[in-house]
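Subject: Handover of a structure

Dear colleague,

Please find below the structure that I am passing on to you. My notes on it follow directly after.

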Amino acid sequence: MTQHPHPPLGTGLHVAIIMDGNGRWAERRGLPRAEGHRAGVATARRVVEAGLDEAISVLTLYAFSSDNWGRPADEVTGLFSLLAEYLADEVRRCESRGVRLTVIGRRDRLPFPLRAAISNAEESTAEGKRIWLRLAVDYSSRDAIVRAANARNWVDPRAPASLESFGRLVATPGNPEGWQPAAAEVDLLIRTGGERRLSDFLLWESAYAELLFTDTMWPEFGPEDLRSALHDYRGRDRRFGRLAAESEPVSSPLLGPVGGRPWRVCARPASRIVLEGNGRGTGFEE
Ligand code: FPP
């Protein structure tokens, strides 16, 4: 049985968000792009707060992609300052609300104050179990996959990788000790800002994610948009490659028997959905 260093999470959803549209939102108002990012931070705060009231166990937010290094230096520096500020401001709030905050992605290229803010936030919020907030910073999914492929413990021919063990390495780049099975699969991936692409975000973990694209710019995305996205998600028929979802339990080959969310979706009609947990509690009912 896998040992988890952190308290187990509930059996809610893993929602991942590509927070796009900050720059355009600002430009349309004649504001500097940095103001768009500042407004984006405020949105992130509201969405996390709203997530606490929804059946979400893991919320992964794409804050800085490894390709964002290609932006002008002042925008990059500004984003890192904002992130460090957000982390410092957010620690108390996270602690009091039971939010565990961790960061995925490369750390070695981040400025020292940001790295320190990340470590501090991760340590201070380690006991949070209402929701697991993961910020993807200097994150590239393909890089995470390559790093997992290079990890010694599975290149060893005597211990070949399984979907579960490999997925574990992929899902926690930069922070393998932060693993929990709930990170393994994304249930719902939302992208704001009108573009319809994944931009190197959680490619492995989104193998069966439901995708939702909205034209709303991230600074304008609110709790009601999150609720509406979840409503849309609950109306979908997740078949995981099968023909029908009603009868047979669906066990993810990635998660295997040791955890995560071997679920079955007993959803008909769309307004009523039950995700039954198997080994991690009873799931939720709406
Ligand atoms: C996309 O907007 C957003 C980013 C590059 C990520 C930055 C996100 C934030 C600062 C908000 C969330 C922050 C925290 C702390 C969770 P864009 O600049 O690509 O917009 P555009 O496509 O309109 O130019």
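I begin with one pairing that is easy to locate: Thr-102 has Arg-134 of β4 as its bridge partner. This pair belongs to the contact between β3 and β4, two strands that run parallel and are joined by six bridges. Please keep in mind throughout that the model is predicted.

Overall content

The chain holds eight helices and nine strands. Of its 286 residues, 40% are buried. Where contacts link residues at least 6 apart in sequence, 70% of them join residues at least 24 apart.

The sheet

Six strands form an open sheet with parallel pairing, in the order β3-β4-β2-β1-β5-β6. Its edges are β3 (99-104) and β6 (210-213), each of which pairs on one side only. On average, neighbouring strands in this sheet are turned by 20° against each other, direction ignored.

Although β3 is an edge strand, six of its six residues are buried, so β3 is largely enclosed by the rest of the structure. Val-99, Leu-101 and Val-103 point one way from β3, while Arg-100, Thr-102 and Ile-104 point the other way, and all are buried.

Next in the order comes β4. Strand β4 (residues 131-139) runs parallel to β2, and seven bridges join the two. Within β4, Tyr-139 stands opposite Ser-65. Trp-132 is also found in β4. How exposed or buried is Trp-132? Trp-132 counts as buried because it has 25 C-beta neighbours inside 10 Å, and the cut-off for a buried residue is 20 or more. The C-alpha atoms of Trp-132 and Val-48 are separated by 9.7 Å, with their positions 84 residues apart along the chain.

Strand β1 (residues 13-18) is mostly covered, with six of its six residues buried. The cover extends to both faces: Leu-13, Val-15 and Ile-17 lie on one side, His-14, Ala-16 and Ile-18 on the other, and all are buried. β1 pairs with β2 in the parallel sense over six bridges, and Ala-16 has Thr-60 in β2 as its bridge partner. β1 also pairs with β5 in the parallel sense, over four bridges; here Ile-18 is partnered by Arg-191 of β5.

The helix α2

α2 packs on the sheet and touches β2, β3 and β4, and its direction makes about 165° with that of β2. The helix has 21 residues and reaches 31 Å from its first C-alpha to its last, close to the 30 Å expected at 1.5 Å a residue. Its buried residues are Gly-36, His-37, Gly-40, Val-41, Thr-43, Ala-44, Val-47, Val-48 and Gly-51. An α-helix has 3.6 residues a turn, so residues three or four places apart point the same way. The cover over the buried residues of α2 includes α1, β2, α3, β3, β4 and α8.

The surroundings of the ligand

Which residues come nearest to the ligand? Of the 20 residues around the ligand, these are Asn-22, Gly-23, Arg-24, Gly-40 and Ala-44. Two of them, Gly-40 and Ala-44, are also listed among the buried residues of α2. At least two residues of the shell come from each of α1 (22-28), α2 (33-53), β2 (56-65) and α3 (73-97). By character, the shell residues divide into 11 nonpolar, seven polar and two charged.

Loop residues to look at

Leu-202 sits in the loop between β5 (188-191) and β6. Leu-202 has a positive phi of about 50°, although it is not a glycine. It is buried, with 26 other C-beta atoms within 10 Å.

Phe-240 likewise has a positive phi of about 50° without being a glycine. Its place is in the loop between α8 and β7, and with 15 C-beta neighbours inside 10 Å Phe-240 counts as partly exposed.

Arg-236 lies in the loop between α8 (223-234) and β7 (264-267). Arg-236 is partly exposed, with 15 other C-beta atoms within 10 Å. Arg-236 and Glu-210 are 26 residues apart in sequence, and 8.2 Å apart in space from C-alpha to C-alpha.

With kind regards

Conventions:
Residues are numbered from 1 along each chain as its sequence is written. This is a predicted model: local features need pLDDT of at least 70, side-chain atom pairs count only at pLDDT 80 or more; totals for chains, interfaces and linings use all residues. A residue is buried if 20 or more other C-beta atoms lie within 10 Å of its own, exposed if 12 or fewer, and partly exposed in between; C-beta atoms are placed from the backbone. Two residues are in contact if their C-beta atoms, placed from the backbone, lie within 7 Å. A residue is near a molecule or strand if its C-beta atom, placed from the backbone, lies within 6 Å of it. Ala, Val, Leu, Ile, Met, Phe, Trp, Tyr, Cys and Pro count as nonpolar, Asp, Glu, Lys and Arg as charged, and the others, Gly among them, as polar. Two strands pair if DSSP finds at least two bridges between them. Axes are lines fitted to C-alpha atoms, for helices over the stretch in contact, and angles run from 0 to 180 degrees between N-to-C directions. The expected span of a helix is 1.5 Å times one less than its number of residues.
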